[in-house]
Amino acid sequence: MVVGHPKPDWTVLPDSILLHIFMYLEYSDMPHVGLVCRSWLRVSYDEFLWRYYFFKDFQVDPGVPIMPGRTSWRGEYHRLVEGTPVVETEEISEHNHQVLHVSFSHKGDMFATSSKDGFIVVWNSTYPAAVRFYKDMKVHSWKYTQFSQFNSSDTLLLVSGVHFGSYSSTSGEIAVFNLESDFQLQCRVLNKPYDIFGTWYNDQYLLSGDLHWLAHLVSTSVIWLNKANQENNSEHRAIISRLFKFYNRNASSVRTILVANCLTPDASTSTEMVEPKVENTEEKEVVERGNPPSHRELSVHRTSVTEQQNIEPPLYKKTVYTSPITYTKDYRRAEVELPEGNSAECEGVMEKMEQEGVKVKAREEEELVDWEEDTEPMPPMSLAEDCDKFLIFTTGSKTYSPHQIGFKRIKKFSIPTVLEVGPCLRERIQQRKQERELRNLGLFQDPNWLDYDSVAERFDPIDHLIDLNGHIIGMGLSPDHRYLYVNSRPWQANCVIDSPLSPPRIAEGIDLHVIDLTNLTEVGTMLRSHKAYTPNDECFFIFLDVSHQYVASGAEDRHGYVWERHYGVCLSRLPHRDVVNAVAFNPRDPEMLVTVSDDHKIKVWRSRRRARSLGINLKNIEMAKELRIKHPRPESQSSVMEVQSND
């Protein structure tokens, strides 16, 4: 120090200079510098400073605005640090084979897991998770369980499975269990091919599928509406009715069906069908991994077991992150605007929240208190039961692999309750006899199934098709049914399809697409979201899930992935020891996420906030690999924040 000069007083520096200095520090330094004095505390809360930290540390595009409904960048930073599920609070080893799927109840108090060991297991979402119900479906000639879904009242569970049979068999079945009657089996429904999976139409009716071959490479997919409880007193009660009948060409079929509530008036348009091509094929057997798609007998180029094992992912390098979700301007504009006709629904939700005693506090006030008090997301809008619905499914037109998303509007209709009595056995025998006589006289001609135009009146047209030019391996709906998120493995650029039985090679990188269901247009894309290692003909399903604030997906690189929906950035990778087949958020607590894997494990992930509330010490526990890996959180952050608040 120079003699005669006073000691510099850092506490009286102008805010602009302090702000410039603080930008050379890290976010984790702010609780400490805020202890110096009130002026430093004030600047450490500056929104411009926290906006800088947010975009730098999370690598967000600077052109992305703050999330609608939020007012503080500091609060957003704290939300992503404290509210993202990154703490492995449990590892469950109940299954003894690959775990293929996980789903949550709407109330969030239960989740169900499906596995290749043939069991369906229902768990309580407590800490630790406990088995509530289980059933071995092998007693019903099931090879394994592959999918489950709770009905809207969480009283019934739909379970989809694969039948035992030859390698080329595509036969499956759907079972419905009563969660209020000690997991009693209520009904069993045929489901073919098995990767239609099945879905609930409403609280008491479910959709299943059936496949009938009409000619070489030409078939029809029938979607059936089934009553969940088929124990009826009268044989004339209707328990099943045909909903749609679709025409399939080039060896394709309807698969992976979903039902979404329509948010817009009817504006559907029919698509054109193209003439099918003909090609012969042969079959070779391979070892199954994961949850494979059906129609495997149509595939031609297969890898041996040795070759397949050589495709296993290598050791992973540090800081391997995915590219962000890129949204269109229409998506950003829609974020701040309510869908038409939903304002009344929002008012009803708010009124219901008040009746239940849920207090809605000012976000800005909450964000400036303590990281432990971040606001909970608003519950999903109520979806009217009497509105039109969308049947969403995967299909194809160029090849048997599912490369298109089909949409069929289900207009409001009265579900039949009385069975329509068809012709009796004597009448059916007489009809067959007349057909034989006409055929012998040359007066009866079978339909030409290869000519769609001549048989079009026998089928239901698809309202709209979106071609992703790649193999679709997973779909998930946003909670408000506004957006559809899709995993697909794209075909090589400028590929030529010589035969429907030989689809183009698919890329290792998996793309994520976001489709707005109000206008059926793509509004978001993420290229190379994560990497796949299985070859073209062994591609299997990677399920994803969407909450109000996050998107998560499984992956073949032995990790689950979590993205922030609005900002589009990847937040964390959740490690397993084998392929992660499915993920699921707790709908009542998106800070809880479950991942299931081919390593036979179920992992429960919770946010730092939830883990601390359960009394879990974060020092000696498995954590996800976070994007902010070079900015570790200080150990005594909460206590420092309390001191700041009292200063």
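Strand 21 (residues 509-516) is mostly covered in this predicted model, with eight of its eight residues buried. Side chains in a regular strand alternate between the two faces of the sheet. Here, Gly509, Asp511, His513 and Ile515 point one way from strand 21, while Ile510, Leu512, Val514 and Asp516 point the other way. Both sets are buried, charged Asp511 and Asp516 included.

Strand 21 has pairing partners in strand 20 and strand 22. Six bridges join it to strand 20 (residues 483-490), and the two run antiparallel; in this pairing Val486 is matched with His513 of strand 21. With strand 22 (residues 521-531), strand 21 pairs over seven bridges, again in the antiparallel sense. One of the matched pairs here is Asp516 with Thr521 of strand 22. The hairpin made by strand 21 and strand 22 has four residues between the strands, and Leu520 takes a positive phi there, near 55 degrees.

Another set of strands forms an open sheet: four of them, antiparallel, in the order 14-16-17-18. Strand 14 (255-261) and strand 18 (464-467) sit at the edges with a single partner strand each, so one side of each has no neighbour in the sheet. On average, and with direction ignored, neighbouring strands in this sheet are turned by 20 degrees against each other. Strand 16 and strand 17 run antiparallel and are joined by seven bridges, with Thr395 partnered by Gln404 of strand 17.

The loop between strand 16 (389-395) and strand 17 (404-410) holds Thr399. Is Thr399 buried or exposed? Thr399 turns out to be buried, at a relative accessible area of 0%. As for what surrounds it, leaving aside neighbours within four places in sequence, Thr399 is in contact with Asn250, Ser252, Trp491, Pro500 and Pro503. With Pro500 there is also a polar contact: the side chain of Thr399 reaches the backbone oxygen of Pro500 at 2.8 Å.

Turning to the helices, helix 1 (residues 15-22) has three buried residues, Leu18, Leu19 and Phe22. These cover an arc of only 100 degrees around the axis, which means that they lie on the same side of helix 1. What do the buried residues of helix 1 pack against? The partners are helix 2 (30-33), helix 3 (38-44) and helix 4 (47-57).

Helix 4 also packs with helix 5 (residues 73-82), at an angle of about 35 degrees and with the axes 8 Å apart. On the helix 4 side, the contact involves Glu47, Trp50, Arg51, Tyr53, Phe54, Phe55 and Asp57. Facing them from helix 5 are Trp73, Arg74, Glu76, Tyr77, His78 and Leu80. By class, this contact has seven nonpolar, one polar and five charged residues.

Helix 5 itself is largely enclosed by the rest of the structure, because ten of its ten residues are buried. The buried set includes the charged residues Arg74, Glu76, Arg79 and Glu82, alongside others such as Trp73, Gly75 and Val81. At the N-terminal end, helix 5 is capped by Ser72, with a side-chain oxygen 3.3 Å from the backbone nitrogen of Arg74. Arg74 thus appears both in this cap and in the contact with helix 4.

Conventions. Residues numbered from 1 in each chain as written. Predicted model: local features only at pLDDT ≥ 70, side-chain atom pairs only at ≥ 80, totals over all residues. Heavy atoms only, no water. Buried < 20%, exposed > 50% of the residue type's maximum accessible area, 1.4 Å probe, protein only. Arc of directions from axis to C-beta. Contact = heavy atoms within 4.5 Å. Polar contact = N/O pair within 3.5 Å; in protein donor to acceptor, adjacent residues only side chain to side chain. Axes fitted to C-alpha atoms, helices over the stretch in contact; angles between N-to-C directions. Pairing = 2+ DSSP bridges.
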